[in-house]
Amino acid sequence: MILTTLILGLVLGSTYALLALGLTLQYGIARIMNLAYGELTLVGAFVLVAVFQQLGLSPLIAMILIAPAGYALGWFLYQGMMRPLVKRSGARGRLEVDSILATFGLLFLIQGILLMLFGANFTSISYLDRGVNVLGVSVALNRLIAFGICVVAGGALVLALAKTRWGLIMRAVALTPGSAPLVGIDVNKVARQGFALGTALAVVAGASIAMYQTFSATDGVVFTMKALVIVIMGGVGNVKGALVAGIALGLLETFVATAIDPGLTLAATFAIFLVVLLWRPQGLFGAR
Amino acid sequence: MTKLIIPLLALVALAFAPNFVSAYGLGLLIGAATYVTLASAWALFSGHTHYVSLATVAFYGTGAYCMAVLNEALPYWAVLLCAGGIGATMAALVGLSTLRLQGVYFVIFSFGLAELVRQLITWYEVNVTGTLGRYIFLDISARDIYWQMLALGAATIALTAWIHRSRLGMALRVIGDDEAVAAHSGINLARVKLIAFVLSAVILTLAGAITSPRYVYVEPAIVFNPTVSFLTVIMALLGGANRLWGPALGAVPLFLVFEWLSTNFPDSYPIFMGLLFIGVVFLLPDGILAGIEKLRARRKVQS
């Protein structure tokens with residue numbers, strides 16, 4: 001019983017962690033609080049389903065195509081929408097409110113387009129839907145694949161940020177965007193990369209969710225909320241924190257669903273979120 | 001003096017309006033009055049402080065639920081009192097704990113709050129009372145609802161006008177400009193923000209309670225519909241959230257547009273809403289009123 005919760009929670013949590021990584025990159029590096037994040041996730045999910053059903057492409061191959069497409073989408077979104085806002089606002093305060101409201105509009109725009117294209121029905125695909133025995137617990141193979149994708153993508157990102165020169169530049173901009181230009185960093189370019197990379201992660205997370213879960217065009221807000229909860233729990237811009245918090249949230253949700261009441265998982269998410277915001281707004285792992 | 005007379009005449013004219021319109025027209029009047037009230041009440045707190053609150057529907061829905069739960073046990077006026085009291089208590093609790101959060105944290109918190117309240121009521125209704133929906137059968141006509149909402153809206157705008165001139169309004173403006181400066185000049189940040197937040201929340205709750213008999217059937221998904229929060233924000237911003245008449249000016253046309261869109265293009269409704277949000281942020285960041293003033297100032301310079 002406990003082992004089941006643990007394994008299922010880990011699998012769910014890894015998807016959440018990947019989901020949150022993108023948001024934390026966007027907010028940490030590009031300084032854009034993207035409230036349309038969940039909708040971008042859904043775009044990935046719907047594209048995967050469409051490609052799988054219409055073209056018969058294997059989801060794993062589709063994933064390789066979806067990731068760069070997401071990067072391009074994020075690149076254009078930043079260039080077209082966010083950059084003018086960043087330019088307009090000198091100080092931080094204005095950008096925060098503006099970016100919230102603008103991405104809010106984007107949220108409805110994408111949601112509306114998805115509703116027009118795919119309708120409001122619940123969508124799912126059946127792909128590798130057979131159980132695999134993991135330590136005596138039966139886990140669907142598609143979930144395990146999603147878990148693998150999250151581990152690979154998340155792990156690669158953490159390593160790249162920590163070890164490479166590119167990661168160093170990213171972290172420099174996240175830490176002090178004001179002083180980064182002094183050492184010859186093009187903040188605008190880096191912010192654009194961060195935003196695009198975040199979008200790529202969002203669509204990959206969405207595509208991996210689509211492999212094993214039912215979803216609908218109006219679910220975006222839920223994904224955004226969950227990603228936000230994790231980002232704030234882990235500390236804004238803190239990549240490792242987001243990974244840990246994501247897995248923790250997956251475990252918690254699975255626990256609440258099995259031990260208390262499935263109807264309370266969302267309430268539990270929000271409750272935790274409120275508690276963390278009040279008790280440690282700098283995140284569980286952040287320093288004051 | 002004219003500043004006082006014109007609004008009063010308009011109010012009297014609006015009060016007699018139900019005599020000249022159809023039932024559908026009256027419905028539109030009620031809706032417009034409701035959104036004017038909501039947007040003005042929202043701006044009462046958020047307009048000057050720049051704390052973007054998405055918790056509007058948390059209070060609005062709570063008000064509607066108060067009416068649904070209590071309308072058979074208590075007389076109408078007592079239910080309204082209860083709703084106001086509950087809204088104030090909720091706002092005080094939330095405000096005390098959250099108003100030190102800034103910027104995006106507050107936005108997300110307020111949004112999470114609305115969802116949390118909705119989830120909890122849904123869970124409570126399903127598991128404890130056993131029914132999800134409730135009916136409101138009240139002997140109250142659409143006209144009564146309209147007059148009450150009109151009175152509430154007028155009271156909100158009057159209250160806003162008074163606050164703008166008072167020390168409280170001054171303090172709110174300073175907080176919106178710079179909290180550190182506000183604290184240094186001796187403004188009690190927590191108290192000022194809390195007073196404005198509670199006042200705004202009481203009005204929102206009352207608006208929910210007054211308009212709820214129109215629904216007849218009430219369930220969490222209906223009265224805690226987050227779209228209400230979003231619409232309120234965009235209406236207030238379009239008109240100009242820090243102006244006295246800004247929210248009202250934004251609410252009336254937008255309400256009519258959205259009403260028309262949702263009957264004629266129910267599918268593409270979110271797209272319009274999204275484009276509108278983006279358009280307001282890019283083209284009219286301070287609202288229509290400020291935009292007009294800017295245009296006038298430019299003309300003056302030219303001539």
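This report walks through a predicted model of two chains, A and B.

## Chain A overall

Chain A is built from 10 helices and two strands. Reading from the N terminus, the order is α-α-α-α-β-β-α-α-α-α-α-α, so the two strands sit between the fourth and fifth helices in that run. The radius of gyration is 18 Å, close to the 19 Å that the globule rule gives for 288 residues, so chain A is as compact as a globular protein of that length. If you prefer a box, the C-alpha trace spans about 55 × 45 × 35 Å along its principal axes.

On the inside, 51% of the 288 residues of chain A count as buried. Take the contacts in chain A between residues at least 6 apart in sequence: 78% of them join residues at least 24 apart.

## Chain B overall

Chain B comes with 14 helices and two strands. Its radius of gyration is 19 Å, close to the 19 Å from the globule rule for 303 residues, so chain B too is as compact as a globular protein of its length. Its C-alpha atoms fill a box of roughly 65 × 50 × 40 Å along the principal axes.

Of the 303 residues in chain B, 48% count as buried. For contacts in chain B with a separation of 6 or more, 79% are between residues 24 or more positions apart.

## Where the chains meet

On the chain A side, 31 residues are in contact with 29 residues of chain B. Three helices of chain A each supply at least two residues to that side: H4 (92–118), H8 (220–234) and H10 (265–279). H4(A) gives the largest share, with 17 residues. By type, the side of chain A that touches chain B divides into 25 nonpolar, four polar and two charged residues.

## The nonpolar core

The largest nonpolar core has 194 residues. Those with the most contacts inside it come from both chains: A:Ala20, A:Leu201, A:Val204, A:Ile230 and A:Val231, along with B:Ala39 and B:Ile234.

B:Ala39 is a handy one to click on. Setting aside neighbours within four places in sequence, B:Ala39 is in contact with B:Thr232, B:Met235, B:Ala236, B:Pro247, B:Ala248, B:Gly250 and B:Ala251.

## A helix with two sides

Helix H6 of chain A covers residues 165–175, and its buried residues are A:Ile169, A:Met170, A:Val173 and A:Ala174. Looking down the axis of H6(A), these fall within an arc of 140°, so they line one face of the helix. The general background is simple: an α-helix has 3.6 residues a turn, so residues three or four places apart point the same way.

What covers that buried face? Helices H1 (2–29), H5 (141–163) and H7 (187–210) of chain A are among the elements that do so. On the other side of H6(A), A:Arg165 and A:Leu168 are exposed.

## Annotated spans in chain A

An unreviewed UniProt entry carries the annotation "transmembrane region" for residues 6–25, 58–78, 99–120, 140–162, 195–215, 227–252 and 259–279 of chain A. Two of these spans are worth setting side by side. Residues 6–25 are 100% helix and 0% strand, and their end C-alpha atoms lie 28 Å apart. Residues 227–252 are 85% helix and 0% strand, with end C-alpha atoms 15 Å apart.

A:Val244 is found in helix H9 (residues 239–260) of chain A. The C-alpha atoms of A:Val244 and A:Gly234 are separated by 7.1 Å, with the two residues 10 apart along the chain. A:Val244 is partly exposed: 18 other C-beta atoms lie within 10 Å, where 20 would be needed to count as buried.

## Two backbone oddities in chain B

Which residues have a positive phi without being glycine? B:His50 is one, at about 65°, and B:Val216 is another, at about 60°. B:His50 lies in the loop between helix H2 (23–49) and helix H3 (56–70) of chain B, while B:Val216 lies in the loop between helix H9 (189–211) and strand E2 (217–218) of chain B.

Buried or exposed? B:His50 counts as buried, because it has 20 C-beta neighbours inside 10 Å. B:Val216 is exposed, with 12 other C-beta atoms within 10 Å.

Terms used
Residues are numbered from 1 along each chain as its sequence is written. Chains are lettered from A and ligands numbered from 1 in the order in which they are written. This is a predicted model: local features need pLDDT of at least 70, side-chain atom pairs count only at pLDDT 80 or more; totals for chains, interfaces and linings use all residues. Two residues are in contact if their C-beta atoms, placed from the backbone, lie within 7 Å. Helices (H or I, at least four residues) and strands (E, at least two) are DSSP runs, numbered from the N terminus. Ala, Val, Leu, Ile, Met, Phe, Trp, Tyr, Cys and Pro count as nonpolar, Asp, Glu, Lys and Arg as charged, and the others, Gly among them, as polar. The arc is that of the directions from the helix axis to the C-beta atoms. The radius of gyration is taken over C-alpha atoms; the globule rule is 2.2 Å times the number of residues to the power 0.38. UniProt positions are given in the numbering used here, feature names are shortened, and annotations may be inferred rather than shown by experiment. A nonpolar core is a set of buried Ala, Val, Leu, Ile, Met, Phe, Trp, Tyr and Cys residues joined through C-beta atoms within 7 Å.
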